Amino acid sequence: MKKLACLLLAGIISVSMLAGCGSEEKAAQNSSASQSPASQTAAQTSDDTPVTVKFANWGMSEAATKPVFEQIAESYKALHPNTTIEYVGIPYGDIKQQTFVMAASGNAPDIIQTHTAWFSTYATSDIVEPLDELLGKEYIDDIIDSYKADYTYNGKLMGIPWAPSPYVLYYNKEIFKKAGLDPEMPPKTYDEMLAMARTISKVKADDGNKIYGFGEATDKLPINGLVALRNIYSFNGSVYDKDSKVNVNTPEVIETLKFYQTISNEGLSPAGAKLKDLRNLFSIGQLGMYMDGYYGKAVFRNLSGKGEAFDKVWGVALVPVNKTGKSVSIGEAHGLVISRDSKVKTQAADILKYITSKEMITQYHKSNDVLSARKSLSADPDLNDSDFARICVEQLNNYIQPLPANNPGMEQGYLEIATALQRVTVGKEEPAKVAQDLDAKLKGLLK
Amino acid sequence: MSEKNSTKASSISIRQNRLLLSNSVKDRIFLITILAPAFILLCFTIFIPIMKSVYMSFFDITLTNIKSAAWNNFANYRDVFSTGDFGTALKNTVFYASSVVIIQFILSMALAMILNMNIPGRKLLRTLVLIPWIVPTIVVALLWMWIFQPQYGVMNHILMGTGIINEPKTWLSDLKLAMPSVMIAALWRQLPFMTIMLLSGMQSIPEDMYEAAVIDGANKKQMFFHITLPFLANVIKTVTLVAVIENFKMFPLFWIMTGGGPVMATTTLAILSYQTAFTSLNLGKGAAIGVLWLLILILFSWGYNKLFSLRED
Amino acid sequence: MNNKKDYFTLISTRVLLVVFLIFLLFPVYWMISTSFKDNSVLFKIPPEWIPQNPTIKNYVKLLSENYFLTYYKNSFIVSGGATVLTMFVAMFAGYGFSRFRFRAKNLIMLLILSTQMFPVVSLLISLYTMYKNYGLLNNRFGLVLAMTTASLPFSILMIKGFFDDISIHLEEAARIDGCGRFGILWRIIFPLAKPGFLAVGIYTFLLAWDDLLYSITLVNKDELRTLPSGISMRYMGEFAYDWANVMTVCVTATIPVLILFMFLQRYMVAGLTAGAVKG
């Protein structure tokens, strides 16, 4: 009896405690929900009514980007005391699914941070608002052309690129030296790169471990399909042909698949690696070359445990030239979108402009090396303050090819491309057959 | 009234000692009162969403057209079967769930028997053994992913060092090794719970049964099969059913460790369901997969019940 | 008994035990060892079995930032609340299923079990909408409710199993003595089914402790986050997994729960050996 009484008591206490917490949260929610009477006409910015703009993102809790987000919120508040940016934190791996779930319930956040690999899903859905009128022609014309294309759907701009990143070539100078290669002469062509990779693979690290010459990610994730496009483009291939029809059953794509098969079979690339693995391997000196975004620098510092001292160990270069005669890369970015159901679109648009303004981007650049997707800032000295930055900017502005047009089936399409990579590397299947199957799949997906 | 019935029911067999047949109103009210909370809770928090999902499976509804869905009969179901993906995923899931549960059962039984013995420090051991179960599944996934990592993971290092293998294996990217690797991680985490459940079952077996058997000249094997197992029958049935269904649903291990790859080697129904709904964006088809899943498991439970007569007489 | 056979059993038992312990505990050791390492030595091969330059800076960082304690507290509250609620609801429902025969009993049991047989992933949108309509988003009680529904079906099944093993004679004797139904429950049945409650309690607690999907879907305010959701948010980033910190969080989170279980362990053993369950 006594035990049960205790149990009951505990139960009642916990329930009431939780109910108490519950009502706190409910009250807070209600008060912020009742505060969004902002007008929706694009022309005015109503600054007088207190407004909360909800911004869903994954960066606010990660150590590297937390200060950036805090700073954005604080400085914006200082400029617009009546507008509060409220962050809604969702882990990177879940944010797409969660924001769609929220939108389906009518509870979508006003601004959402997205990634290029799944931007198509947002762009082609009915939960995102076109930004042409909200941002104005001047702002939109200022976006780098390839990015403007990547973020457009049906002629309308559906999101803006934030912290854009080209893929550039990272190479480990110390490994180069060890393999007898000139550390100041990164490869300029794919053939050179392959030859150097082979040379590097013959060398072992100081602790006797294998060194990989050149790594590509082949894990089953949409982003790896996206990244594979960089190689496909460099071999002069594409997803759509000249008549805008899907066709990947082409010699160029087959050659790309052969390339992946070669680097895997010859042991130049670690098998089944994720991009995260490649970063780890590069940071511990077991990978000679690979391609990644600007964020590599900060990631290496952290993963190697050596901090700034590690910067000297590697160098960066433009993507080597392949069959197209020029360096070609793809651009990814954290696309920012505004929800169609948002009641504070004007304020949200203003925040988007603020986040991508010179001042904010420069600060973000200082702390995290980000670049800008705005043409007007491409020659800005603050953003070109190091060799590293200059090369990234050059790749970004001059040597990027637009991605395939946004399409509801594109994310799944990227996943199919990644699977095709697995089939030729781990599965050791015939590239011609795999290309044929991929073609059939993509034709079905990208209607 | 209940006396007569309970006399009938009071035979020595364990299974038949608990039926109370009663028609009095008071008893009816009592029954409804004690069943109601569970019912209401489940109805309002999960049963309704399941019904909604079943409903949704008959619509052409995707993530990109949530507001304008159209009824499309069984098209989603036809779609599900049109590629071999559902069959592959089902095969993978069944293989995974059954293997993990069977292996787990054998290992747990062995470990539980050992822990049931009078070995020194057994209380401490029983607590230590529970540790893997306390580690959150996402951390288990990360931990084992790291252990299995081909280039800097500890598994390859140990196996090569002891000469068991010659070259590093790409555990999670190998078409044949990926599934076993994930299974090892699952076993690691799930072994403790089944062991502790079996152990507590074992500890409620009265000592005198064993003593009597010893006097009668039974050996260890006979004691196990004729005393231990029957006594544990209920616990075993429940715990293995739980294990099968929980493993059928397993998502984080596969998602984080392999993403369903390489190719389709570790794509289970859970992964397929997620990918269909959130990467292919087809909510209707994803719901259809969920419904098929439900039917399969219901069939399985029904069959399981029949097989092990969990049912009431 | 045959001495040689006994000896063989003894040795093989011990060996088997050691093998099990290595399998179960080596990764735990690896977790602990990693938490004391610095990033620069994390991926070394051959690995540092014992950290050469152990550092506690991961722990210092973890404990000095208050979000960890917040996540931990939330996990405890939600898991504890779910355990209490589940035990409460399951003990009644389990008794009903165990002791009563009524029409559609099997059907109802199957229905209840079937709620656990639908992939939660397919339910996300409906679940989110429903919790939103109840006003239970970003709310610990909402999570408690969700966890309870996740563990209730099997908890009922498990408790029923334990009740089934309790002889009905005791209840009949109590009825004869004039005890009411509820009285029987409190005074006789529940005390005897303690191991069952413990089993259900442990199962529910750990199920709730482990949950990721519900936590991410129903809560996105940092101060209400639970541990797995917090780990995913902070350490499983876009560019890299923060191994050392993940392991540190894990070790720190595991120890108190372990101590709790060590406590319960004694209680479990005492409860089992004290009263005879068989009538």
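In this predicted model, chain B and chain C bury about 10,400 Å² between them, and carbon and sulfur atoms give 79% of that area. The size of an interface is often given as the accessible area lost when the parts come together, and that is how the figure is meant here. On the side of chain B, 103 residues take part, in contact with 105 residues of chain C. A single salt bridge is found across this interface. It joins the side chains of D210(C) and R189(B), with a distance of 3.6 Å from N to O. Polar contacts are also present: 12 residue pairs are counted between chain B and chain C, with both partners at pLDDT 80 or more. Helix α2 of chain B, residues 25-56, gives the largest share of the side of chain B that touches chain C, namely 19 residues. Sorted by kind, the residues on that side of chain B comprise 72 nonpolar, 19 polar and 12 charged.

Chain B also touches chain A. Here 29 residues of chain B are in contact with 32 residues of chain A. The area buried between these two chains is about 2,400 Å², with 56% of it on carbon and sulfur atoms. Within chain B, the residues that lose the most area to chain A are Q151(B), Y152(B) and V263(B), which together account for 24% of what that side buries. The rule finds 0 salt bridges across the interface of chain B and chain A. For polar contact, the tally is 9 residue pairs, again with both residues at pLDDT 80 or more. Two elements of chain B, α12 (252-257) and α13 (269-278), give two or more residues to the side that touches chain A. The largest share comes from α13(B), with 3 residues. By kind, the side of chain B that touches chain A holds 13 nonpolar, 14 polar and 2 charged residues.

Some local details are worth a look as well. Over all chains, the structure holds 76 aromatic pairs. One of them is formed by F69(A) and W162(A), whose ring centres are 5.6 Å apart and whose planes meet at 80°, so the pair counts as edge-to-face. This pair links distant parts of chain A: F69(A) sits in helix α2 (residues 66-79) and W162(A) in strand β6 (residues 160-166), 93 residues apart.

The backbone offers two further points of interest. Most residues other than glycine have a negative phi, and most peptide bonds are trans. Against that background, the peptide bond from G261(B) to P262(B) is cis, with omega near -5°. P262(B) lies in the loop between α12 and α13 of chain B. In chain A, N154(A) has a positive phi, near 50°, although the residue is not glycine. N154(A) is found in the loop between β4 (152-153) and β5 (156-157) of chain A.

How far can these details be trusted? For the model as a whole, the scores are ipTM 0.85 and pTM 0.87. In chain A the mean pLDDT is 88, and 89% of the residues reach 70 or more. Among the elements of chain A, helix α1 (residues 2-33) has the lowest mean pLDDT, 42, and strand β3 (residues 111-113) the highest, 97. The pLDDT is below 50 over residues 1-45 of chain A, a stretch with 45 contacts in the model beyond near neighbours in sequence.

Chain B has a mean pLDDT of 84, with 91% of its residues at 70 or more. Confidence in chain B is lowest in helix α1 (residues 2-9), at a mean of 39, and highest in helix α4 (residues 85-116), at 93. Over residues 1-18 of chain B the pLDDT stays under 50, and the model has 20 contacts for this stretch beyond four places in sequence.

For chain C the mean pLDDT is 84, and 94% of the residues reach 70 or more. Helix α12 (residues 243-274) of chain C has the lowest mean pLDDT among the elements of that chain, 74, while helix α10 (residues 213-218) has the highest, 92. Residues 271-279 of chain C have a pLDDT below 50, and this stretch has 9 contacts in the model beyond near neighbours in sequence. Where pLDDT is low, the predicted coordinates should not be read in detail.

Methods
Residues numbered from 1 in each chain as written. Chains lettered and ligands numbered in written order. Heavy atoms only, no water. pLDDT = per-residue confidence, 0-100. Helix = DSSP H or I, 4+ residues; strand = E, 2+ residues; numbered from the N terminus. Contact = heavy atoms within 4.5 Å. Buried area = accessible area lost by both parts, 1.4 Å probe. Salt bridge = Lys/Arg side-chain N within 4 Å of Asp/Glu carboxyl O. Polar contact = N/O pair within 3.5 Å; in protein donor to acceptor, adjacent residues only side chain to side chain. Nonpolar A, V, L, I, M, F, W, Y, C, P; charged D, E, K, R; others polar. Phe/Tyr/Trp six-rings, centres within 6.5 Å; stacked < 30°, edge-to-face > 60°.
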